[in-house]
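Okay, thanks everyone for coming. I'd like to walk you through one structure today, so let me put it up on the screen.

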Amino acid sequence: MEKKQWFLKGMRDGVPIGLGYFAVAFTLGIASRKAGMTAFEASLMSACMLASAGQFAGIGMIASGAGCVEMVVTEVVVNLRYLLMSSALSQKVQQERPFYHRLLMAYGVTDEIFGISMATEGKLYPEYMYGAATVAAPGWVLGTCLGALVGMILPPSVMSALNVALYGMFMAVVIPPSKKNRIIAGVVACSMAASMVFTRIPGLNRVSSGFQMIVLTVLLAGIAAWLFPVNEEKGEKKDAA
Amino acid sequence: MRPNIYASLLVMFLTIYAVRALPLTLLRKEIQSPFIRSFLYYVPYVSLSVMTFPAILSATASFWSGLAGFAAAVILAWVDGNLFRVSIGACIVVYLVELFV
């Protein structure tokens, strides 16, 4: 019963993700079409990987006929942030559940699904991620397919508005805990400030956004962990309050 | 390049899946180190914040609608916190700002 409820909750929370994905995936479909891929190939790609930056990089490499080694290295670098997210999820997920859940969950480790999964109270039910992925992935694949077939079918004003859907969700994940916990509020504010500084400094702003995120996350989460180690029992209770 | 496209997709799929699956499958026990536990505790807050700002300011048709969307998201998340309402609310604010400004 509990598992089913988590699945349904995941589906509910997956709706804005699916909408945001739908909009973002159009551009992906259009790009893959330009690179000479068919709508089927583009959709298959999206269904296999749910990885926007990784897919854009991949489309470029397919178009230029890149070799296997180049593909592996590029995809590892572009998707390195998932290594951090997957590590955090490995500690959040219910420890007692069978191993295959971890293999299935890995498919759904995207920025957005990761965000909402870490925001759940207590230990994470894998079913929650499955529910979210069940709604979000079709949005991603369908958007890609339509983008490849007919290009932009939504008016630019709607596309522009939908672009903030995913960011809005990130805020819904980080702001509520900031209200209850001043340390988290400080971490969030410092992260945004540091990210702003990064994009303004000449030289540093040429670093890709994915790599920027990794550097800043390792640095800032490391500093926060050093200055404000989390006291498990208290930390959990504070979150739940 | 044609015949290789499925091979390319397979290589990419396996690489990306491996990056996502390795920590989840290898780190099966609870990590004991308080530092690493704390580090992982802060990872989502830092990573999601870094990804949002300032990227959101250039995600929409204009800087001002992006800023309005960001402000709306933060305020809605503060007073409400529901994922769906925050997300859609921010979209609506961006749409309205671009309509009128």
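Before I talk about domains, one thing: the domain bounds come from an automatic or database domain assignment. And please keep in mind that this is a predicted model.

So, chain A. The assignment gives two pieces, domain 1 covering 3-166 and domain 2 covering 181-241. If you take the C-alpha centres of domain 1 and domain 2 of chain A, they lie 23 Å apart. Where they touch, domain 1 of chain A puts in seven residues and domain 2 of chain A puts in six.

How much area do domain 1 and domain 2 of chain A bury between them? People often describe an interface by the accessible area lost when the parts come together. Here the figure is about 510 Å², and 82% of it is on carbon and sulfur atoms. On the domain 1 side of chain A, look at Arg81(A), Leu84(A) and Glu121(A): that trio supplies 63% of the area domain 1 buries against domain 2, more than any other three residues.

What about charge pairs across that boundary? Between domain 1 and domain 2 of chain A the count is zero salt bridges. Polar contacts come out the same way, with zero residue pairs when both residues are at pLDDT 80 or more. Helix H5 of chain A, residues 81-92, gives the largest share of the domain 1 side, three residues. By type, the domain 1 residues touching domain 2 of chain A divide into four nonpolar, one polar and two charged.

Now back to Arg81(A), since we've just met it. Which residue does Arg81(A) form a salt bridge with? The partner is Asp111(A), and the closest N and O atoms are 2.8 Å apart. This pair links distant parts of the chain, with Arg81(A) in helix H5 and Asp111(A) in helix H7 (residues 111-118) of chain A, 30 residues apart. Both Arg81(A) and Asp111(A) are buried.

Next, let me take you to the end of domain 1 of chain A, which runs 3-166. Leu166(A) sits in helix H10 of chain A, residues 165-180. Is Leu166(A) buried or exposed? It counts as buried, because its relative accessibility is 11% and the cut-off for buried is under 20%. Skipping neighbours within four places in sequence, Leu166(A) is in contact with Pro16(A), Ile17(A), Gly20(A), Tyr21(A), Val24(A) and Glu112(A). Take Gly20(A) from that list: Leu166(A) and Gly20(A) are 146 residues apart along the chain, yet their C-alpha atoms are separated by 5.7 Å.

Last stop, the salt bridges more broadly. Over all chains there are six. One of them brings together the side chains of Lys123(A) and Glu30(B), at 3.2 Å from N to O. Lys123(A) is in the loop between H7 and helix H8 (126-150) of chain A, and Glu30(B) is in the loop between helix H1 (5-26) and helix H2 (34-52) of chain B, so this pair joins two chains. As for accessibility, Lys123(A) is partly exposed with a relative accessible area of 34%, and Glu30(B) is partly exposed, also with 34%.

Glu30(B) has another partner, too: Arg37(B) forms a salt bridge with Glu30(B), the closest N and O atoms being 3.4 Å apart. Arg37(B) counts as partly exposed, at 22% relative accessibility. Put those together and you get one network of Lys123(A), Glu30(B) and Arg37(B), joined by salt bridges that share partners.

That's it from me, thanks.

Note on methods. Residues are numbered from 1 along each chain as its sequence is written. Chains are lettered from A and ligands numbered from 1 in the order in which they are written. This is a predicted model: local features need pLDDT of at least 70, side-chain atom pairs count only at pLDDT 80 or more; totals for chains, interfaces and linings use all residues. Side-chain values use heavy atoms; hydrogens and water are left out. Contact means heavy atoms within 4.5 Å. Buried area is the accessible area (1.4 Å probe) that two parts lose on being put together, summed over both. A salt bridge is a side-chain nitrogen of Lys or Arg within 4 Å of a carboxyl oxygen of Asp or Glu. A polar contact is a pair of N or O atoms within 3.5 Å; within protein, one must be able to donate a hydrogen and the other to accept it, and residues adjacent in sequence count only if both atoms are side-chain atoms. Helices (H or I, at least four residues) and strands (E, at least two) are DSSP runs, numbered from the N terminus. Ala, Val, Leu, Ile, Met, Phe, Trp, Tyr, Cys and Pro count as nonpolar, Asp, Glu, Lys and Arg as charged, and the others, Gly among them, as polar. Buried means under 20% relative accessible area, exposed over 50%, partly exposed in between (1.4 Å probe, protein chains only).
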